[in-house]
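Let's walk through the charged pairs and the nonpolar packing in this one. Have the viewer open while you read.

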Amino acid sequence: MFIINCPFCGEREQSEFKAGGEAHIERPRQPTELSDDEWAEYLFMRKNIKGIQFERWNHIHGCRKWFNMVRDTSNDEIKAIYKMGEKPPVK
Amino acid sequence: MKNRYSIFSLIKNAFSYHENWEKAWKDPTPKKEYDAVIVGGGGHGLATAYYLAKKHNMKNIAVVEKGWIGGGNTGRNTTIIRSNYLWDASAGLYNHALKIWEGLSQELNYNVMFSQRGVMNLAHNLQDVRDLKRRTHANRLNGIDAEYLNTEEVKKFCPIINTSPDIRYPVLGGTLQRRAGTARHDAVAWGYARGADEMGVDIIQNCEVKAIKRNGDSVEGLETTKGFIKTNKIGVVAAGHSSVIANMAGLKLPLESKPLQALVSEPVKPIIDTVVMSNAVHAYVSQSDKGELVIGAGTDDYISYSQKGSHDIVEGTLNAILELYPIFSRMRMLRQWGGIVDICPDASPIISKTSIKGLYFNCGWGTGGFKATPGSGDLFAHTIANDEPHELNAAFNINRFVSGDLVDEHGAAAVAH
């Protein structure tokens, strides 16, 4: 369990939030032209990184807004939080 | 040939104060080259090595384990064994495992304490009732023993359950698989390790894989903390860390790794002689031979490799336990822990070849891999030895995520697997 600093509401307990998985997976621009392999890649395949991961979260029991997070999945330490549409921080 | 365990060996060793027992497995340094290397020394990995040596005559093989054998999810699960899955493919897979469980202690000459005490799954709403009845019928069509129980029958089978209609999620019925039960999870790893070691398999502990060496589209060997090991067949059985190994080979898997928590209470006298699972309120409980209540909680919804998990998950589970079993209200919990489980989008495992020649994956068991240990090892060994899946694991290939032919077991297992 950890504390998340919601960019809209401030610090709240993680149990108020819903994890939305890997961030920055772009929706296909031309869905009709995708092969089965490309669909599988988009729908199912995940980096599932042990270490620094970029991911989406939703403050589902709060403002219900989505935002992005950079988190170390090996120890749950949050490195950065930024809003949807913002460029991910480069380190 | 190892000395067999028996009442006579027990008596004989008692005279030397049990200080001269033969080591159950050696501690070898890795050879330069093997015919196959299994990555991951948990139950599934050791079983794979055991069946490769026993049924496919591959003796020049090794199991590499980054920690100690059975120290990962094998020693962290809640030891439940059952095979009452909904779909035909899953029923075939898990029932294959259950049949091996029934003779495993004799086969391994190692008491895995398999106890067919029955597993009961509870229904708490009308949809649960419909789903569980459907699953009971599906199980029977697949030759799996299954019974549907009404509320009175549930109470009769496990009298400490609160079946009052006044609780928040009243018990409306349940299913019972009498052949299901539990086993001693550590013994499974130790028994398979001893059996594999006896046939010449090298079990190498404290040996972490750092890189997979490829030559074009095939594998050449493994870079490990104990040096380079040459091999052209690698079977990865790394549970929560499967994606980490896959990344080394440049592969992506449809997996997410999450903490799954469990806890045990202080030991008490026998009070519950079966396993009771409830998907709707997400709590399951059994009692170990030591007397501890073994309680399974749920997964966190975020990806993590931290083996911790959140407190609110445990709290939710204990709320449900207390409502279903008011008798436990003053029990104290001794230990809580988390294991990292690799979850597939369809809640079914992957036992498959990959696009890289000589690289095989056995992963995605999610929250319910322990019950499949013997079957998983047997079928994965078949897949590695023949470079082709067995008919029982053909449906669990990695290409199902491209073809769309998924084995959606969320409905059968809900969250508690």
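Which side chain meets B:Arg214 in a salt bridge? That would be B:Asp217, with 3.8 Å from N to O. Keep in mind that this is a predicted model. B:Arg214 is partly exposed at 34% relative accessible area, while B:Asp217 reaches 55% and counts as exposed.

Two further pairs in chain B are worth a click. B:Glu208 bridges to B:Lys210, and B:Asp387 bridges to B:Lys353; here are the three pairs side by side.

| Pair | Closest N and O atoms | Relative accessibility |
|---|---|---|
| B:Arg214 and B:Asp217 | 3.8 Å | 34% and 55% |
| B:Glu208 and B:Lys210 | 3.8 Å | 31% and 49% |
| B:Asp387 and B:Lys353 | 3.8 Å | 28% and 30% |

B:Glu208 and B:Lys210 both fall in the partly exposed class, and so do B:Asp387 and B:Lys353. What does the bridge from B:Asp387 to B:Lys353 tie together? B:Asp387 sits in the loop between α9 (373-386) and α10 (400-403) of chain B, and B:Lys353 belongs to strand β18 (residues 350-353) of chain B, so the pair links parts that are 34 residues apart in sequence. Over in chain A, A:Glu55, A:Arg71 and A:Asp76 are joined into one network by salt bridges that share partners. Over all chains, the salt bridge count is 25.

Now for the greasy side of things. In soluble globular proteins, nonpolar side chains tend to be buried together. The largest nonpolar core here has 49 residues. Those with the most contacts inside it are B:Leu46, B:Tyr51, B:Trp101, B:Leu104, B:Val112, B:Tyr192 and B:Val201.

Which elements feed this core? In chain B, β1 (36-39), α2 (43-55), β2 (61-64), α3 (88-108), α6 (185-198) and α9 each supply at least two residues. The largest share is the eight residues from α3(B).

For a look at the packing, pick B:Tyr192. Leaving aside residues up to four places away in sequence, B:Tyr192 touches a list of residues that includes B:Leu46, B:Ala47, B:Tyr50, B:Tyr51, B:Ile100, B:Leu104 and B:Leu108. B:Gly43, B:Thr373 and B:Pro374 are also among the contacts of B:Tyr192.

There is a second core too, separate from that one, with 31 residues. Among them are B:Val219, B:Ile245, B:Phe361 and B:Phe401.

Definitions and conventions:
Residues numbered from 1 in each chain as written. Chains lettered and ligands numbered in written order. Predicted model: local features only at pLDDT ≥ 70, side-chain atom pairs only at ≥ 80, totals over all residues. Heavy atoms only, no water. Salt bridge = Lys/Arg side-chain N within 4 Å of Asp/Glu carboxyl O. Buried < 20%, exposed > 50% of the residue type's maximum accessible area, 1.4 Å probe, protein only. Helix = DSSP H or I, 4+ residues; strand = E, 2+ residues; numbered from the N terminus. Core = buried A, V, L, I, M, F, W, Y, C linked by side-chain atoms within 4.5 Å. Contact = heavy atoms within 4.5 Å.
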